[in-house]
Every structure is written in C-alpha cells, then in structure tokens.
Amino acid sequence: MAASATSELSSLCEKYSRVVTLSEVESRKDPETDPFRSKYKARELLKEIICTLRNQYIGEDDGESDQPQKDQILEGSDSEGCGSGCVGGSPAALRAAKLGVIEHLLGVNHVETEELSAGEEHLMNCLKLLDKYSMSRENISINIQTRNQLGILWAGRDETEKAQGFLETAESLYIQYMKQDGQPPMDLSDFFVTEGESVLDQERTKRFEMAHTYTLYYLAQVYKNLEQYEKAGRYCHTTLQRQLEFNHFVPLEWAINAATLSQYYITKSRYMEGRHCLAAAVVVAGLAGEVPSEAAAQENEAEGEKREQLRQKRAEIARCWIKYCLNLLQDAKKLLEDNIGELDVERQAELKARRRQEDEEEEKGLKSAILFGSRDIFDSILALEEKVSCAYPLDFEEARAIFLVGQNYVTEAKEYFQMDGHVTDHIEVVQDHSALFKALSFFEEDYERRCKMHKRRIDMLEPICKDLNAQYYLLICRQLQFELAETYYEMMDLKLALADKQDELDAHTVKKFNHLCAASIKYYKMFLDSIRTADGKFPEKLEDDVLRPALVAKFRVARLYGRIICPDGATQLENLDKSLECYRFVVDYCEQDTEAKKAVETELELSEEMAGLLPIKIERLRAKQAALN
C-alpha cells in the first residue's frame, strides 16, 4: 500500500514538473500558427492531476453517499502526506491546498489562452476550496496569488472596482498572516515534490514576498485607473523598493518605472522624492551593462538589439531629468515673480533668509522618505543626487546650476532622439531645451543677456519650424509658431525697456526693434492662418484647444502694430488701423462667446480700452497729416 502511494505521488510530481516546463519554457517556442500548443498540453496534464487527487481523496473516506464524500474532501479528517517539503498542517488544509493549486493553475492556463470565463471559474473554485483555511501556512500563498490573478482578470475587463476588491483582500491577508504567524508559508511547488526536492525556507519567503509585491504593483495600477494618484504613487514606490530588496527586478524595466514615478512627484512639487527616483533610475539602469559599440551592433544581431534598447531607455530617463530641471526652475519662478512677472526682490530676500532652516528640514525629510536599494546602490544614488539640488533656486547662479544639468541631459537625449527617425520626440526635447532657457532668463537681471537667451531659443526652434510639414505635423507646427511669436514678443518688450533708458534711439536700434515686432507678427499670423478653414476663412467658432491662443495672438498682433516705430505718418496710420482691427476682433468675439470672456479676461479688458482710445488717436493723426499736406 505504501509502495502504491509512493508511486502515485511520484507520478503526480512528474506530471506537475512537466506542466511547469510546458507552461514556462516550451510555450515560448510555440509556432505563431499554433501559439497555445504547449499550454493546451499542460492543461490536459492538470486535468489528469486533479482527477487523480479527487479519486484519491474520495477513496480514502468512509462515507456511502457521494455528497458526504465530496464534503469530506474539503473538511477532511484523515492524515495525508504531501512530500517531504511540506510544513506541518491539518490534513484538510493540505487537501484543499493541493486541489487549490491545480485549480489555480488551470485558471491561469485558461486566462493565458484567452478563455477568460473558464479561467475565472477555476480561480473562483480555488478560493472556495481555500475558504476555511485561508490563513494557514499551507494556503496563504496560493490564496494571495489567486486573488492577484483575479485582480488582473477583472482589471482587463475594465471592472476596476472588482479588481480592487480582490487585490485589497490579498494585501490584508498578507498583513494579517505576517502579524499572526510570519513563518515561511508553503509554496505552490511544495505540494508536488518528492524526497529531497523541497524548497528551502529562504526561497519560500522570497516567493511569498514577491507575491505580495505583485499585489502592491497591481494595486498601484488600479489606484491610478481610479484616479487615486497619491495612493498609486505610494504603492508604486513601495513596489520598486521591494523589488530591489528581494533582488527581483529587470534593471532597465525597473529604471523606467522609477523615472516614470519621478514625473508624478514632480507634478506635486516633491522634488526630493523625484530626484531620488531619477538618481536611482540612472544607477539601476547602469546594472544592465555598457552600450555595445556601433561596430559590434552591426556584426551581431543580439548586440544590435541590446544597443538599441539601452540607448532608448537611457534617453527616456534623460528626458525625465530634463522635466525635473525644467519644472524646478518654473516652480521657482512662480514663487519669486511679482504681479507683472518680474523678480520680487523682497520675496527673494525673505526666502534666502529661510534657506538654512529649509536645509535642516530637507535633511529630516530625506531620512523619513522611502529610500531605494542596498547599501552599495544607495551610496551611488546619493552621490548622483549631490550633483543637482532639489531646493528652489533663488538667484541666477543657483538657477544656472540646475539649467546646466538639464542641458546636459538634453544633449544625451538628442543623441538617441534624432530628427531622422524620431521627429516628434526630437522636437519635444528641443522645445524643453527652449523652455529651460526661458525659465533661466527670469533670473537674469541684465536685459541684454536675457535677450541673448531668447535668441538661442529662436535659433533652435526656427529651422525646425521652417522645415516641418504642417500637413503631417499641424499641432507641432502651431506650437512652434506660437512659441517663436512669443519669444520675439518677449525680446521686443526687453528692447523697449532698454530703449526707455536712452535719450534718443539710433537707426540701428530702431531697425532691430522693428524687426522683432515684424517677426513676432509674422509667426502670430502663421499660427492664426493655420486655424483657417480649407477655403481660407477664419472660423466663426474657435475650438477649445485654440480659443485662448488665438485671441491672445490677435491681442498681441494689435499691440505689436501699435509699437512699430514708423518713418512717416501714412505708415503709422496704416499700422494703427490694423491694430484697431485686431483689438475689435477680440472684443467682438468675446461679446458673442461667454467662454471666451473667461479665457482672456485681462486681454479683453485692455482690448476694450484700446478699442475706445485708438479711434481718437487715429483721427488726430489723420487731421495732422491732412494739415501737413
């Protein structure tokens, strides 16, 4: 009898081992014409295993009717072995666990072969089997893993709240088990191993902890879909930490996830955590190895794939660093600017006075933050963090230090995202580079040097705008046209401020000033022309995405025509007529569209004022011209 039981156990173990091989190894080699061949073979073996188990348990019970026998399968009273790897437990819990493991694997098998309803049924059967023993060492791991699978299944059906229920229960089970027991629970493979093949406690613990890590990972996705972003960020951070702690991660994948998380922290102005994520991303990405040379990539296909992947992921991390530097500068600008957008020196002095206290608070915050990595990795992360501040820059030198870090990452990103092959990405990197210069210019007190920064922006954006085909890249063309118009407009304002300090304007200054006005008008008009219909008419109703930009463009064109320094009265009259026409457009459009009034309140107020004053000025000028003639 003992020999027969041993033989039967050995047969079950062999079949289980074959299932694992088919599902995890051979399925990867299945042909495209028969993609689930190995999965189907594994399913048949699983059916044989569960049939054997049911017959075995029924045969061991003494009931006469079929139903009591089935009940005893779940409730159990006889001792029953599970191989040398088992942690001691009640026979009923062991029986439920064995059947539960196979139901779980059948559920996963059906899901992976795109038979979701059947997969759900088997996974739910597993939970029913484990219901009375959910917190036992035999059942806790399979219970959590099954709920993870059901969470994934329902999330895939866009039933986010159902997915949330299964995953939050899985999380609660883990927490409760660790409080009540905490010992290494049995792993799925423990139930189907022969003498000497059991999993060590250390490996059991690792697998159990990783099952919990997956719970947290899936919950992060669920909370994101539910727009609970604070929770999603917290769970994502914890997931990344645990992956490092248990050495269960793919370096590039982990690095991209950490860099992506940094973008969430940046939007919340939590730059300390954002910097930590980015520094960790760089360090962990480095674990993937060096980028193969171009020559090696050409000679070997595998090296070529590795080179492409490493270059792409590191360029993506570089782009996240650019956003970090850009947002830090922009947030500092918002903190320091007065009501006309210039540096508030009193506010600057006040914030500088607080700097020492803030440094102390930063140190405390760093200690209380969730930090990544083992000691070796953590030291490397801290070394990288020291190269860039996470505090708001309060003067030009501090802002410049952050700008230079961002600019270095612009260079790195552009090495991969080149115009040839990555048009949209390349342009976005260039736009961020322009935005870095714009943010830095706020801290520059010298207007001439500020103008040079804006000129750098024009030099990088203008060639792209000229070469880009608006038929295929209309939105990007509009963005570039508007930004170029704004940049020339800012330079015009700066030159005007400089001119006010001079007693008399020389011909060169006048020519330069008028050139800036004309260039700004040109790009604003290009933007406005892009909104016109196919027959060249300006739309009666502006779309929401262009409503404010279009009205701002009209307002600024009006102001620019009024600013041009004219050599004669006739030209001045012509420009003032154009200016009045644009002001009236803004006023008339807003009278018919209440939403437009909200979008351009300041511009509308000034337009109404100028629409009233300009006709008087024009009439006086006409009268003057008539008198001269």
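Select Leu542 in this predicted model. Beyond its neighbours within four places in sequence, leucine 542 is in contact with Ile531, Leu547, Ala550, Leu551 and Tyr589. Show those five as sticks alongside it.

**The nonpolar cores**

Now widen the selection. Leu542 and Tyr324 have the most contacts inside the largest nonpolar core, which holds 136 residues. Which helix gives this core its largest share? Colour helix α13, residues 301-336: it supplies 13 residues. In soluble globular proteins, nonpolar side chains tend to be buried together.

Next, pick Ile50, Leu94, Leu105 and Cys126. They are among the 31 residues of another core, which lies apart from the largest one.

**The coiled-coil annotation**

Select residues 293-346. An unreviewed UniProt entry annotates this span as "coiled-coil region". In the model the span is 81% helix and 0% strand. Put a distance between its end C-alpha atoms: they lie 53 Å apart.

**Domains 2 and 3**

Colour the chain by its domain assignment. Domain 1 takes 249-292, 301-340 and 371-416. Domain 2 is 446-531, and domain 3 is 536-628.

Keep domains 2 and 3 on screen. Their C-alpha centres lie 19 Å apart. How many residues does each domain bring to the contact? Domain 2 gives 19 residues and domain 3 gives 17 residues.

The area buried between domain 2 and domain 3 is about 1700 Å². Carbon and sulfur atoms give 74% of that area. On the domain 2 side, select Tyr489, Leu528 and Ile531. These three lose the most area to domain 3, together 32% of what that side buries. Ile531 has come up before, as one of the contacts of leucine 542.

**Serine 579**

Stay with domain 3, 536-628, and go to Ser579. Serine 579 sits in helix α22, residues 569-592. Is this serine buried or exposed? It counts as buried, because its relative accessibility is 1% and the cut-off for buried is under 20%. Outside its neighbours within four places in sequence, serine 579 is in contact with Ala558, Tyr561, Gly562 and Leu614.

**Two positions on helix α24**

Move to helix α24, residues 601-628, and select Glu608, which is found there. Glutamate 608 counts as partly exposed, at 45% relative accessibility. Add Val587. Glutamate 608 and valine 587 are 21 residues apart in sequence, and their C-alpha atoms are 6.2 Å apart in space.

Lys624 is also in helix α24. Lysine 624 is exposed, with a relative accessible area of 53%. Where does Gly569 lie relative to lysine 624? The two are 55 residues apart along the chain, with 8.7 Å between their C-alpha atoms.

**Across the model**

For another pair, take Glu121 and Lys554. Glutamate 121 is in helix α5, residues 116-130. At a relative accessible area of 53%, glutamate 121 is exposed. Glutamate 121 and lysine 554 are 433 residues apart in sequence and 63 Å apart in space, C-alpha to C-alpha.

**Two loops with positive phi**

Most residues other than glycine have a negative phi, and most peptide bonds are trans. Check two residues against that background.

Zoom to Glu227. Its phi is near 65°, a positive value in a residue other than glycine. Glutamate 227 is in the loop between α8 (201-225) and α9 (229-245). Glutamate 227 counts as exposed, at 57% relative accessibility.

Then jump to Ser269. Serine 269 has a positive phi of about 60°, although it is not a glycine. The loop that holds serine 269 runs between α10 (251-267) and α11 (271-286). At 33% relative accessibility, serine 269 counts as partly exposed.

**Last stop: the cysteines**

A disulfide is a covalent bond between the sulfur atoms of two cysteines. How many disulfides does the model contain? With sulfur atoms required to lie within 2.5 Å, the count comes to zero.

Select Cys390 and Cys325. Cysteine 390 is in no disulfide; its nearest cysteine sulfur, that of cysteine 325, is 12 Å away. Cysteine 390 counts as buried, at 11% relative accessibility.

Now select Cys590 and Cys582. Cysteine 590 is in no disulfide either; the nearest cysteine sulfur belongs to cysteine 582, 14 Å away. Cysteine 590 is buried, with a relative accessible area of 1%.

Key:
Residues numbered from 1 in each chain as written. Predicted model: local features only at pLDDT ≥ 70, side-chain atom pairs only at ≥ 80, totals over all residues. Heavy atoms only, no water. Buried < 20%, exposed > 50% of the residue type's maximum accessible area, 1.4 Å probe, protein only. Core = buried A, V, L, I, M, F, W, Y, C linked by side-chain atoms within 4.5 Å. Helix = DSSP H or I, 4+ residues; strand = E, 2+ residues; numbered from the N terminus. Contact = heavy atoms within 4.5 Å. UniProt positions renumbered as here; feature names shortened; annotations may be inferred. Domains from an automatic or database assignment. Buried area = accessible area lost by both parts, 1.4 Å probe.
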